[in-house]
There are 2 protein chains.
Amino acid sequence: MSHTLGVRQAQKQRTRQAFLDAALGLLEEQSLSSLGLREVTRAVGVAPTAFYRHFPSTADLGVALVEEALGSLHVVIAGTVSAAGDERIERAVALIARHVREYPAHIRFIARERNGGVQKVRAAIAEQLARFTDEVRTALAQHPESAGWSDDDLLMLAGLYVDQMLMTASNLLDASPEEQEQVIRVATRRMRLIAVGRQHWLG
Amino acid sequence: MSHTLGVRQAQKQRTRQAFLDAALGLLEEQSLSSLGLREVTRAVGVAPTAFYRHFPSTADLGVALVEEALGSLHVVIAGTVSAAGDERIERAVALIARHVREYPAHIRFIARERNGGVQKVRAAIAEQLARFTDEVRTALAQHPESAGWSDDDLLMLAGLYVDQMLMTASNLLDASPEEQEQVIRVATRRMRLIAVGRQHWLG
DNA sequence: AATCACAGAGAACAGTTGTTAACTGCATGG
DNA sequence: CCATGCAGTTAACAACTGTTCTCTGTGATT
């Protein structure tokens with residue numbers, strides 16, 4: 001079993017998580033490159049200098065947020081691709097929609113900082129997304145429709161799917177409750193069109 | 001002919017353009033929400049207060065940049081869709097690549113602020129992109145392949161194309177010179193797959 | 001020729017920022 | 001039980017921020 005960590009380390013991790021949560025909240029209406037160290041510590045209710053005990057800079061806080069935000073997405077991605085039956089696409093889109101409803105701030109953060117002003121964070125997101133894309137590719141390879149596909153083409157298709165998921169998620173965030181159904185419908189049709197292209201890709 | 005504007009207004013417009021240029025430069029490695037007013041005026045070589053003669057806030061500077069950046073894209077979009085022949089896709093991707101090479105900062109700015117932290121700018125970009133999508137839709141409607149398509153489906157396809165263009169452009173920015181060919185190849189295959197889906201969409 | 005409008009300068013404001021240094025209290029390992 | 005390590009505090013720093021008010025020079029208007 002896992003090593004029970006002492007009171008001290010537990011408290012440290014709790015504070016660290018408070019930093020992550022506070023930052024995620026503040027980042028709903030600004031980008032990481034404008035997030036101030038003091039701003040975060042103020043939100044946590046702790047002295048500015050305490051920040052340095054956990055992160056060298058706000059950029060590193062951002063990298064930690066990438067891990068957290070994209071870690072929770074692994075499950076969704078897996079479920080999305082492995083969904084079976086003729087309702088596969090609807091299921092996948094519904095899964096995304098649910099995840100957006102549960103972790104809106106995570107999605108916002110990733111969508112924003114994917115092209116954001118902080119190099120280190122951009123790199124971290126790119127790396128994680130590449131990992132996702134590869135996972136999707138191996139999942140796609142299992143499907144019977146993928147017979148005869150080259151690894152390159154599978155990777156291309158996987159990337160298309162991943163980008164589409166992220167875009168759909170981001171669109172859902174910006175949509176008002178009554179617009180969300182519309183967003184879901186369009187996203188579904190997009191996925192369906194891609195699926196059609198997939199069926200007739202070879203030959 | 002157009003009204004020749006006086007020395008005074010000409011100088012004002014020149015300064016305004018200097019603001020836009022300086023901001024665009026500074027925004028290559030940070031986001032708009034962290035761009036300071038003083039920072040811009042310093043780069044232009046002008047007193048901080050002069051800023052207010054041109055823009056109420058940096059957010060409005062951002063909106064002006066959206067007009068400039070996306071205005072130059074209209075031509076490219078038009079050329080992209082109206083390109084004919086069986087090399088249509090290659091031509092389209094090449095046009096995008098050229099535009100990225102000519103105006104990298106514009107692309108960076110749009111890709112970054114599309115999901116950025118400044119609401120007003122996000123809205124401006126969304127509006128312009130919606131306009132683009134509509135232009136692409138009417139252009140697509142002319143193609144013989146679009147016979148029997150509903151307006152809704154055409155709009156869906158147009159959106160897919162526009163998003164794909166932007167993503168390709170953004171990917172080109174992040175790619176080293178030797179990676180760019182690879183990016184172009186993948187983007188081309190993505191477009192081709194979408195085109196295949198388009199051909200077999202009906203029925 | 002006299003007046004006005006207005007782009008830009010200059011100085012000052014209160015408030016913010018990141019970072020350093022020296023500290024305090026307490027959980028932990030020997 | 002005591003010495004140590006270390007999370008978090010306090011105080012201070014120079015530098016920076018957006019904004020206001022006042023002023024100046026000069027192109028435009030009559």
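**Notebook: two protein chains and two DNA strands**

I began with residues 36-55 of chain A: the end C-alpha atoms lie 13 Å apart, and the span is 40% helix and 0% strand. I chose this span because UniProt positions are given in the numbering used here, and the UniProt record, an unreviewed entry, lists residues 36-55 of chain A as "DNA-binding region". I note that this is a predicted model.

**Entry: the wider domain**

I looked up the second annotation. The unreviewed UniProt entry gives "domain: HTH tetR-type" for residues 13-73 of chain A. Over residues 13-73 the chain is 62% helix and 0% strand. The end C-alpha atoms of that stretch are 22 Å apart.

**Entry: chain A as a whole**

How many helices and strands does chain A have? I find eight helices and zero strands. From the N terminus on, the elements read α-α-α-α-α-α-α-α. I also took the box along the principal axes: the C-alpha atoms of chain A fill roughly 65 × 45 × 30 Å.

**Entry: H1 against H3 in chain A**

Next I checked how H1(A) packs on helix H3 (residues 58-82) of chain A. The angle is about 90°, and the axes are 10 Å apart. That makes H1(A) roughly perpendicular to H3(A). On the H1(A) side I list Phe19(A), Leu20(A), Ala23(A) and Leu24(A). They meet Leu61(A), Ala64(A), Leu65(A) and Glu68(A) in H3(A). By class, this contact has seven nonpolar residues, no polar ones and one charged.

**Entry: DNA strand C**

Which residues come closest to DNA strand C? I find Gly6(A), Gly36(A), Thr15(B), Ala47(B) and Thr49(B), out of 18 residues that surround the strand. H1 and helix H2 (37-44) of chain A each supply at least two residues of this surface, and so does H1 of chain B. The surface near DNA strand C has six nonpolar, seven polar and five charged residues.

**Entry: DNA strand D**

I repeated the lookup on DNA strand D. There are 18 residues around it, and Thr15(A), Ala47(A), Gly6(B), Gly36(B) and Leu37(B) come nearest. Helix H1 (7-26) of chain A gives two or more residues to this surface, as do helix H1 (7-26) and helix H2 (37-44) of chain B. I sorted the residues near DNA strand D by class and got six nonpolar, seven polar and five charged.

**Entry: where the chains touch**

I then turned to the contact between chain A and chain B. The contact takes 27 residues from chain A and 26 residues from chain B. Which helices of chain B each supply at least two residues to the side that touches chain A? I note helix H5 (104-113), helix H7 (151-174) and helix H8 (177-199). That side of chain B has ten nonpolar, ten polar and six charged residues.

**Entry: symmetry**

Last, I superposed chain B on chain A. A rotation of 180° with 0.0 Å of shift along its axis does it, with an RMSD of 0.0 Å. That is the relation of a two-fold axis. In chain B, Gly197(B) has the C-alpha nearest the axis, 1.7 Å from it. Why do I say that the copies meet through the same surface? I say so because 100% of the interface residues of chain B are also interface residues in chain A.

Conventions
Residues numbered from 1 in each chain as written. Chains lettered and ligands numbered in written order. Predicted model: local features only at pLDDT ≥ 70, side-chain atom pairs only at ≥ 80, totals over all residues. Helix = DSSP H or I, 4+ residues; strand = E, 2+ residues; numbered from the N terminus. Near = placed C-beta within 6 Å. Nonpolar A, V, L, I, M, F, W, Y, C, P; charged D, E, K, R; others polar. Contact = placed C-beta atoms within 7 Å. Least-squares fit on C-alpha atoms with pLDDT ≥ 70 in both. Axes fitted to C-alpha atoms, helices over the stretch in contact; angles between N-to-C directions. Parallel < 35°, antiparallel > 145°, perpendicular 65-115°, else oblique.
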